[in-house]
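The following exercises concern helix packing and local backbone geometry. Please examine the sequence and the structure before working through each solution.

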Amino acid sequence: MSLGPLLSSPFPIPWHAFAAFAALAVGGAQLALPKGTSRHRAMGYAWAALMLVVAISSFWIQQIRLIGPFSPIHILSILVLVTAPLAVWYAHTHRVAAHRGAMIKLYVFALVGAGIFTLLPGRIMHAVVFGH
């Protein structure tokens, strides 16, 4: 395992990846720690911000071009841009079940699920984890 391929990749790929790593860690802690506390709220804002950074930065990553300069993964980025603020709004309006569902789905599908695809051969994260 070597961060070399990631660190030598063009902007914004390293920012995108490190924001995703941070979101993975913060989101995992959020799922494990008690809910409804001030710590949960603060970490939740941080996690939502990280997810927005991951989604926004993805629009400048265009190695897979299937629809003009974009790929189907960019549809997921649009979904994150809508769902993350909506999930925060659910928490503010005390719609706990909707908040929980949206946040868990974002974590599992938009972060973990999309992250698994970055491990495919030919992708930068494949080189980071498995070598060239």
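**Exercise 1.** What covers the buried residues of α2?

*Solution.* The model is a predicted one, in which local features need pLDDT of at least 70 and side-chain atom pairs count only at pLDDT 80 or more, while totals for chains, interfaces and linings use all residues. Residues are numbered from 1 along each chain as its sequence is written, and side-chain values use heavy atoms, with hydrogens and water left out.

Step 1. Locate the helix. Helices are DSSP runs of H or I with at least four residues, and strands are runs of E with at least two, numbered from the N terminus. Helix α2 comprises residues 13-32.

Step 2. List its buried residues. Buried means under 20% relative accessible area, exposed means over 50%, and partly exposed lies in between (1.4 Å probe, protein chains only). In α2 the buried residues are I13, P14, H16, A17, A19, A20, A23, V26, G27 and Q30.

Step 3. Identify the cover, where contact means heavy atoms within 4.5 Å. The elements covering these residues include α1 (4-7), α3 (38-58), α5 (96-117) and α6 (124-130).

**Exercise 2.** Compare the spans of α2 and α4 with their expected values, and state what the buried residues of α4 pack against.

*Solution.* Step 1. The expected span of a helix is 1.5 Å times one less than its number of residues. For the 20 residues of α2, the distance from first to last C-alpha is 29 Å, close to the expected 28 Å.

Step 2. The 20 residues of α4 should span 28 Å, and its end C-alpha atoms lie 29 Å apart, which agrees.

Step 3. Buried positions in α4 are H74, S77, V80, T83, A84, A87, V88 and Y90. Their packing partners are α3 and α5.

**Exercise 3.** At what angle do α3 and α4 pack, and how far apart are their axes?

*Solution.* Step 1. Axes are lines fitted to C-alpha atoms, for helices over the stretch in contact, and angles run from 0 to 180 degrees between N-to-C directions. The angle between α3 and α4 (residues 73-92) is about 160°, and their axes are 8 Å apart.

Step 2. Angles under 35 degrees count as roughly parallel, over 145 as roughly antiparallel, 65 to 115 as roughly perpendicular and the rest as oblique. The two helices α3 and α4 are therefore roughly antiparallel.

Step 3. The crossing of α3 past α4 is left-handed; this term applies if the near helix is turned anticlockwise from the far one by less than a right angle, and right-handed applies if clockwise.

Step 4. On the α3 side, the contact is made by Y45, A48, M51, L52, A55, I56 and S58, and on the α4 side by H74, S77, V80, L81, A84, P85, V88 and H92. Ala, Val, Leu, Ile, Met, Phe, Trp, Tyr, Cys and Pro count as nonpolar, Asp, Glu, Lys and Arg as charged, and the others, Gly among them, as polar. The contact of α3 with α4 thus divides into 11 nonpolar, four polar and no charged residues.

**Exercise 4.** Describe how α2 packs against α3 and α5.

*Solution.* Step 1. The axes of α2 and α3 cross at roughly 150° and come within 9 Å. These helices are therefore roughly antiparallel, and α2 passes α3 in a left-handed crossing. Residues of α2 in this contact include H16, A19 and A20, with R39, H40 and M43 among those of α3. The contact of α2 with α3 has 12 nonpolar, seven polar and one charged residue.

Step 2. With α5, the packing angle of α2 is about 150° and the axes are 11 Å apart. That makes α2 roughly antiparallel to α5. The contact is formed by A20, A23, L24, G27, G28 and L31 of α2 and I104, Y107, L111 and V112 of α5. By class there are eight nonpolar, two polar and no charged residues in the contact of α2 with α5.

**Exercise 5.** Is H40 buried or exposed, and which residues does H40 touch?

*Solution.* Step 1. H40 is part of helix α3. At 17% relative accessibility, H40 counts as buried.

Step 2. Leaving aside residues up to four places away in sequence, H40 touches Q30, P34, K35 and H99.

**Exercise 6.** Find the backbone exceptions in two loops.

*Solution.* Step 1. Most residues other than glycine have a negative phi, and most peptide bonds are trans.

Step 2. F11 and P12 are joined by a cis peptide bond, with omega about 5°. P12 is placed in the loop between α1 and α2.

Step 3. H94, in the loop between α4 and α5, has a positive phi near 60°. At 67% relative accessibility, H94 counts as exposed.
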